[in-house]
Structure formats: C-alpha cells, structure tokens
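Reader: Hi! I'm in my first year and still learning to look at protein models. Could you take me through one part of this one up close?

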Amino acid sequence: MYAISKRLIEELHSNDVKYCHWKSNLLLAEALSGYDDLDLLVNSSQKQLFEGVIKGLGFKEGENKSIFFEGVHHYYGNDRETGNILHLHVYYKIRTGPSWTKSIFFPFENYILDNVITHESGMRVPDFHIEYVMYLIRVMVKYSRINEYLLINKDTDRNVKELSYLKSNSSQDKVVEFTKKYFPALDLTTIEQCGEFIKKGGFLSRWFFGKKIKRKIKNYIKANFFSELLQNIHQFSYRLINKLILKNKKILDGSGK
C-alpha cells in the first residue's frame, strides 16, 4: 500500500468523512498500491470536508471539460515514497452505465454509506450483498452495448473471480431485501441467471439478457435512446480527434504539475 493511501484512510476516518470504496473491491489492495484508480463514494453533504482532507494530503483535481460527468470528479496525489501517482475517482452520486454517458443514476447513496464493512486495508467498502447486486447490473448493462461488450469480455476471467468472491460472501436474505427495496423487478432467479451468463454465456445470450436487465431498471436510466446516441457520437468523435490531433489531457487545479 502506498504511504499516501494509508494516510488517506487515516485522515478520512479521523475527520468522520462518510465514504466507501464502492466497486471492484476484489482488487482493492492492489488499487491502494497504484494498480488502478480508487472509486470512492462520498456523502455529498460532506463534499467540502472531503476536499479539505484530500487537498491537505496534496491531492489536486484534474479536469477535462469535454469529458465530464456531474457529480463525478478526479483527484491526483503524489506518493512521495515512490514518486508514483494515486488517482481518486470520486462520486458524490452513483452514476454508472455506458462509459461515455453514465446515464444510470442510483439514488440510494445513503443506503450504501449506512451499510459498510471494513476491508483488511482499513478502507470502508459496501456490505457484500450491495456490491454483488450492483456488480451484476453493471456487467449486464455493459453486455447490452456492442462497444462495451467487447471491452468487458476481455476481462471474463476477472469477472468470474469477482462474481465468485462477491456471491460467496453475500447473505442471500440481504440480497433479497436489497433488491425488493430498490430493484423490485429483479427476483432471485433473475439475479442467479445474471451470474450464469457472466460465467458461460455466449455473445447473443449475454446481449439479449443485458437488454432485459436494462428494461428492468429503466426507472433509473435518465437518457432516452436518441439523446444517448447523440452523446455517444459526440464522445466518439471528440475522443478520436483528441487522440489523433488535439491530445488534450486533464488540467490540474492550482499550481504545479
């Protein structure tokens, strides 16, 4: 674990910041050592407190105004012992779905933050039943889009490991309680089917079932087909031009690089 990761956990706790690392906790230990970014969900009412804590640790916000989602921010901190960068991907509201639109909003941040457990690293994470259900939904939604499918299909082995890790640690009673409260169209049978498609589904079966899951959570989708299509075209065009010509990066807030 980076020294800056350890200090981050200590400072968040000592300042009573309500937060958790809300996804991909199978590899959280590796992420705390720079393998990946940290996906932190933070109580929106504590935004100022949280930013004060991380800025005190030297983190700076990075922003590209052409690739920005409301309620989602990026912060970068330098681990002085190694000289490496720790990337915080901070959510003040739960947004998920297609990478270029993140058009799905789950308005139960408080439920997640009220039902956390402590990871071996000391970082707070959601109780397993929450992460398990949300993991299945996130993967199935990605299967429903061709470009997203191609990306996530490369990680099938990791997906199966994560599925096994989350399912084996989840209380079935809590899974049922959680889905009844926030995803009433998803019964336990459907949840089990999601897992089977992740483990051994074919392209068409995953795609069709992903579409089915998307319909079952349609109340949380805040973009219609046409607006999402336009946003995808815009993002594809910008990202292609940026990669080939503009080469814009995120701009750090404040002085220094």
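Which residues in H5 meet which residues in H8?

Author: Happy to, and keep in mind that this is a predicted model. From H5, the residues are His-129, Ile-130, Tyr-132, Val-133 and Met-134, and they meet Lys-174, Val-175, Phe-178 and Thr-179 in H8. Sort that contact by class and you get six nonpolar, two polar and one charged residues.

Now for how the two helices lie. Two packed helices are described by the angle between their axes and the distance between the axes. Here H5 covers residues 128-143 and H8 covers residues 172-182; they pack at an angle of about 60°, and their axes are 9 Å apart. Angles under 35 degrees count as roughly parallel and 65 to 115 as roughly perpendicular, so H5 and H8 end up oblique to each other. As for handedness, H5 passes H8 in a right-handed crossing.

H5 has another job to show you in the picture: along with other elements, H5 supplies at least two residues of the lining of the largest pocket. The other elements that each do this are strands E3 (60-63), E4 (72-79) and E5 (84-91), plus helices H6 (146-153), H7 (156-169) and H11 (225-246). The pocket's volume is about 1,300 Å³. Its lining takes in 40 residues, and the ones nearest the centre are Asp-37, His-89, Ser-99, Lys-102 and Lys-142. By class, that lining divides into ten nonpolar, 13 polar and 17 charged residues.

Let's follow H6 from that pocket lining to a helix pair of its own. The partner is H10 (residues 203-216): the axes of H6 and H10 come within 12 Å and cross at roughly 120°. H6 and H10 are therefore oblique to each other, and their crossing is right-handed. On the H6 side the contact is made by Ile-146, Tyr-149 and Asn-153, and on the H10 side by Phe-203, Arg-206 and Trp-207. That gives four nonpolar, one polar and one charged residues.

Last stop, back to Asp-37. Asp-37 is one of the residues nearest the centre of the largest pocket, and Asp-37 also appears in the lining of the largest cavity. A search of the whole structure finds one cavity of 30 Å³ or more, and the largest cavity has a volume of about 60 Å³. Its lining also includes His-21, Lys-23, Ser-24, Tyr-35 and Arg-158. Sorted by class, the cavity lining has three nonpolar, two polar and five charged residues.

How values were computed. Residues are numbered from 1 along each chain as its sequence is written. This is a predicted model: local features need pLDDT of at least 70, side-chain atom pairs count only at pLDDT 80 or more; totals for chains, interfaces and linings use all residues. Side-chain values use heavy atoms; hydrogens and water are left out. Axes are lines fitted to C-alpha atoms, for helices over the stretch in contact, and angles run from 0 to 180 degrees between N-to-C directions. Helices (H or I, at least four residues) and strands (E, at least two) are DSSP runs, numbered from the N terminus. Angles under 35 degrees count as roughly parallel, over 145 as roughly antiparallel, 65 to 115 as roughly perpendicular and the rest as oblique. A crossing is left-handed if the near helix is turned anticlockwise from the far one by less than a right angle, and right-handed if clockwise. Contact means heavy atoms within 4.5 Å. Ala, Val, Leu, Ile, Met, Phe, Trp, Tyr, Cys and Pro count as nonpolar, Asp, Glu, Lys and Arg as charged, and the others, Gly among them, as polar. On a 1 Å grid over the protein atoms alone, a cavity is a set of points where a 1.4 Å probe fits but cannot get out, and a pocket is an open set with protein on both sides within 12 Å along at least five of seven lines; lining residues have an atom within 4 Å of a point. Grid points are joined across faces, edges and corners, and a volume is the space filled by probe spheres set on the points.
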